[in-house]
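Please walk through this structure as an explanation in connected paragraphs, beginning with the aromatic side chains and moving outwards to the fold and the surface.

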Amino acid sequence: MTNNYKWDLSKLYTGYDDPIFLKDYDQLVNYKIENVTTNTSFKQLEEIKDLEYRLRLYVTLRLSVEANNEDAILWSSKVLSACAVAANQMNELWTKILEDKEIKQSSYYSTYKFIIEEKLNNAKHTLPLEQQEILNLVYPTSKKAFSDMYYALTGNAKANYRGNSLPLTQVKNMCHDNDSNVRKDAFLAELEAYKPIETPLAFAVSAIKKQQLIEARLLGYKDPLEKMLIESRMSSKTLDAMMSSIQKYLPVFRKYLRTKAKMLGYDHGLPWYEIYATLQECDFNFSIEDCESYILDAFEKVGENLHEMTKTAFNEHWIDYPTYEGKQPGAFCENLGWIHESRIITNYNNTLSDIITVAHELGHAFHGEMIEEQAILNRDYCMPLAETASTFNENVMYNYMASILPKKEKLLVIDTQLSALCQNVLDIYARFLFEKSVFEHIEEGFLNAKQLCELMKEALNKSFGDGLDKNWIHPYRWITKVHYYIPDIAYYNFPYTFGALFSRGLYAKFKKEGTSFIPKYEKLLAATTTNTCENVASMADINIEEESFWQESLQSIADQIQDFLKELSA
């Protein structure tokens, strides 16, 4: 099994001096559009997309673990500038294609029917080419630059924990430590670590959100939320059904947190540093070898394709596990369709949550495998459905771990799962409210760090209510969450709740139907790039525009909370 816990990127390119990398870069920079007919436009679109996709992901992956590497910084800037020009070329080609009244006669139409019709329907949300070119050209030095600054500042930030200067990411990971005093001291150290970087990051998030708002309106959207919904291929009716269902179940989650706080000895709700605390002493200490072994065993019981892909991921170094200086915090997965693989970042810290995180990211990798056979312009799935396979895997792992461990450890697993579900529902709802509030306030001008902290506290209070101790709220959640700094996407929050509740419904079907459900599940994943959220859900006989589905998923969590507390007191 794997003994090198950093990823291997050599299948992409062997380095910035790789002749293939330099050839691809030169080809992208010097690409000329020629003989523009509909069919040749499609051919050239595929060529440009393939080149910019390979180069962009390579420099992004390198920079994500080498924030201090001058070559990584230089090449990231050069490639992203070339990609900005390529984006203009692709826009020009799409304009030519969509102007063709005989487009249905093209040999490419059947392959790209969904995306063509989608673009035709959304034509009112496009800018004239000259204006779009300007936005593309300034992209690397505007909101993308602020995003890069976020990664640089947080990736190199240090926290003074008990007299020791440690990487901020390492201290943040202590929220999962077994010792309450460690969690509390780490939380206080984390808050102090944000103070030196709060001002530049306030500028960053303000600039990114203001530009997202301006661009959304330039494109004819009411606001960035409408833009996100249309790009997510999700109806406002679905979002409203989910959010109204969540509001009805907020008291259930708050009561659980108050009960948990009482059992942990807190009278005024749960302090934020105990948000991941378990009700019993937790001495889990899972090595990376343990993690991989458990995941393989669990996935083998789900399906052959998932199991085999996971074995390959572990054996061929798809995952970068350890925390180190210059590496960005958190976790993510990038699908690399041209080599039929993915690459995953995590900051592994030997906890159960780390196992769940690895399984989660492997879900993204599996989703990527399910869409590999799609034509290159058909490989983009929308944000809500992006979290389907990942959170399905979370359900698999939580249930597997609970099934193999003794009662005490089983209760700890369920407790951890319920804590995560509280995050997926309450914390995500708070993040949604916060971002909505930021967009409302940003029109009035720049938001400083103090204002952002106040808006975050307001959002947390509206969501968590008396489930949290108001004296121990985390005001810097606007810094801890990278999603606010993703330049091209606003509201990258509610897709997590969608994924958690939608996949819970899918997992319930898997438990009922067994492995016979998996082919249907895999077909569903493969369809996510060329269908709306509502159509994809209908493949599993689910109507996500009705509150009844969301309330069934939320009620299943409420039932699990009740059963857990009952078993705990038995």
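In this predicted model, phenylalanine 21 has a relative accessible area of 0% and is therefore buried, and tyrosine 13, with a relative accessible area of 3%, is buried as well, since the cut-off for that class is under 20%. A search of the whole structure finds 42 aromatic pairs. Among them is the pair of tyrosine 13 and phenylalanine 21, whose ring centres lie 5.1 Å apart and whose planes meet at 80°, so that the arrangement is edge-to-face. Both residues belong to one aromatic cluster, which is formed by Tyr13, Tyr16, Phe21, Tyr25, Tyr58 and Trp75.

A pair of aromatic rings is described by the distance of the centres and the angle of the planes. By these two values the rings of phenylalanine 392 and tyrosine 521, with centres 4.3 Å apart and planes at 25°, make a stacked pair, because planes under 30 degrees apart count as stacked. This pair links distant parts of the chain, for phenylalanine 392 lies in helix H16 (residues 388–404) and tyrosine 521 in helix H21 (residues 518–526), with the two positions 129 residues apart in numbering. Phenylalanine 392 and tyrosine 521 are both buried.

The fold as a whole can be considered next. The protein contains 23 helices and 5 strands. Its radius of gyration is 23 Å, close to the 25 Å that the globule rule gives for 570 residues, so the protein is as compact as a globular protein of that length. The C-alpha trace spans about 75 × 55 × 50 Å along its principal axes, and of the 570 residues 58% count as buried. Among contacts between residues at least 6 apart in sequence, 77% join residues that are at least 24 apart.

What remains is the surface. The accessible surface of the protein comes to about 23500 Å², and 49% of this belongs to carbon and sulfur atoms. Which residues make up a nonpolar patch on this surface? Val85, Ile134, Leu137 and Val138 together make one of about 330 Å², and helix H5 (residues 129–138) gives the most to this patch, with 3 residues. Leucine 137 is located in helix H5, and its relative accessibility of 49% means that it counts as partly exposed, because the exposed class begins only over 50%.

Technical notes. Residues numbered from 1 in each chain as written. Predicted model: local features only at pLDDT ≥ 70, side-chain atom pairs only at ≥ 80, totals over all residues. Heavy atoms only, no water. Patch = residues over 30% accessible without salt bridge, like charges linked within 9 Å, V, L, I, M, F, W, Y side chains within 5 Å. Areas by Shrake-Rupley, 256 points an atom, 1.4 Å probe, with all protein chains shown as cover. Salt bridge = Lys/Arg side-chain N within 4 Å of Asp/Glu carboxyl O. Helix = DSSP H or I, 4+ residues; strand = E, 2+ residues; numbered from the N terminus. Buried < 20%, exposed > 50% of the residue type's maximum accessible area, 1.4 Å probe, protein only. Rg over C-alpha atoms; globule rule 2.2 N^0.38 Å. Contact = heavy atoms within 4.5 Å. Phe/Tyr/Trp six-rings, centres within 6.5 Å; stacked < 30°, edge-to-face > 60°.
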